[in-house]
Amino acid sequence: SSPPPATLDPRVPKPLRRFAPCGFDALAWRNLGPAQEFRLPLDVPGYRVWLLRVRAGKSVPKHTHEGRELTVVIEGAFRDELGHHVRGDLVIADPEVEHRPVADESGDCLCLTVTDAPLRLTGPIGRLLNPLLRI
């Protein structure tokens, strides 16, 4: 077999290579403060699919879910109310789960996330922002 192209980033799992052929760093990330997101250009009605990169030691706002959230850890690790999740783990959250994922201090955490309904922020400031944000 022929060697992979020089631009191919071996960290990118095969199913994601069509979205990130030159690696995750080459994507047009949207800055969210302690995290960055890249929404995958998929037309799947009722679902949102994105990559989320949380900076080392940082957290995303405390939230719950109006539906299901499926998260696969691609790089790094994070901890939340459900436990400690490392590369390859699948984390499933639903309306019963309220959590605040925090990336490990050792490095950024990169995840692939799929939701079938919006998240609902539950922290004091998040509650005020919910009417403005439908993430």
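1. Let me start with the pairing of β5 and β10. In this predicted model, strand β5 and strand β10 (residues 109–115) run antiparallel and are joined by six bridges. One position to look at is Leu70, which stands opposite Val114 in β10.

2. Strand β5 (residues 69–75) also pairs with β8 (residues 90–93), again antiparallel, through four bridges. Two of the partners in β8 are easy to pick out on screen: Val72 has Leu90 as its bridge partner, and Thr71 has Val91. As a reminder while you rotate the view, side chains in a regular strand alternate between the two faces of the sheet.

3. Zooming out, these strands belong to an open, antiparallel sheet of six, ordered β1-β2-β3-β10-β5-β8. Which strands stand at the edges? They are β1 and β8; each has a single partner strand, so one side of each is left without a neighbour in the sheet.

4. For the overall layout, the protein has 11 strands and one helix. The pattern along the sequence is β-β-β-β-β-β-β-β-β-β-β-α, so you will find the helix after the strands. Of the 135 residues, 39% count as buried. Taking contacts between residues at least 6 apart in sequence, 57% join residues at least 24 apart.

5. Now the nonpolar interior. The largest nonpolar core has 13 residues, and those with the most contacts inside it are Leu16, Phe24, Leu27, Trp29, Leu40 and Leu51. A second, separate core has 11 residues, including Ala35, Val91, Ala103 and Cys111. Val91 is worth flagging, as the residue is also the bridge partner of Thr71 in β8.

6. Leu27 is a good residue to centre on in the first of these cores. Setting aside residues up to four places away in sequence, Leu27 touches Phe19, Ala20, Phe38 and Leu51. Leu51 appears again among the residues with the most contacts inside the largest core.

7. The cysteines deserve a careful look. How many disulfides does the structure hold? The count is zero. Cys109 is in no disulfide, and the nearest cysteine sulfur, that of Cys111, is 3.7 Å away. Seen from the other side, the closest cysteine sulfur to that of Cys111 is in Cys109, and 3.7 Å is too far for a bond, because a disulfide requires the sulfur atoms to be within 2.5 Å.

8. Are Cys109 and Cys111 buried or exposed? Cys109 counts as buried because its relative accessibility is 2%, and Cys111 counts as buried at 6%; the cut-off for buried is under 20%.

9. On the aromatic side, the structure holds one aromatic pair. There are also arginines placed over tryptophan rings: Arg48 lies over the face of Trp50, at 4.1 Å from the ring centre, and Arg53 lies over the face of Trp29, at 4.3 Å from the ring centre. Trp29 is also one of the residues with the most contacts inside the largest nonpolar core.

10. Finally, Asp25, which sits in the segment before β1 (30–31). Asp25 counts as exposed because its relative accessibility is 56%. Leaving aside neighbours within four places in sequence, Asp25 is in contact with Arg11 and Arg53, and Arg53 is the residue that lies over the face of Trp29. The C-alpha atoms of Asp25 and Asp9 are separated by 9.6 Å, with these positions 16 residues apart along the chain.

Note on methods:
Residues are numbered from 1 along each chain as its sequence is written. This is a predicted model: local features need pLDDT of at least 70, side-chain atom pairs count only at pLDDT 80 or more; totals for chains, interfaces and linings use all residues. Side-chain values use heavy atoms; hydrogens and water are left out. Two strands pair if DSSP finds at least two bridges between them. Buried means under 20% relative accessible area, exposed over 50%, partly exposed in between (1.4 Å probe, protein chains only). Contact means heavy atoms within 4.5 Å. A nonpolar core is a set of buried Ala, Val, Leu, Ile, Met, Phe, Trp, Tyr and Cys residues joined through side-chain atoms within 4.5 Å. Rings of Phe, Tyr and Trp (its six-membered ring) pair if their centres lie within 6.5 Å; planes under 30 degrees apart count as stacked, over 60 as edge-to-face and the rest as tilted. A charge sits over a ring if NZ of Lys or CZ of Arg is within 6 Å of the ring centre and within 35 degrees of the ring normal.
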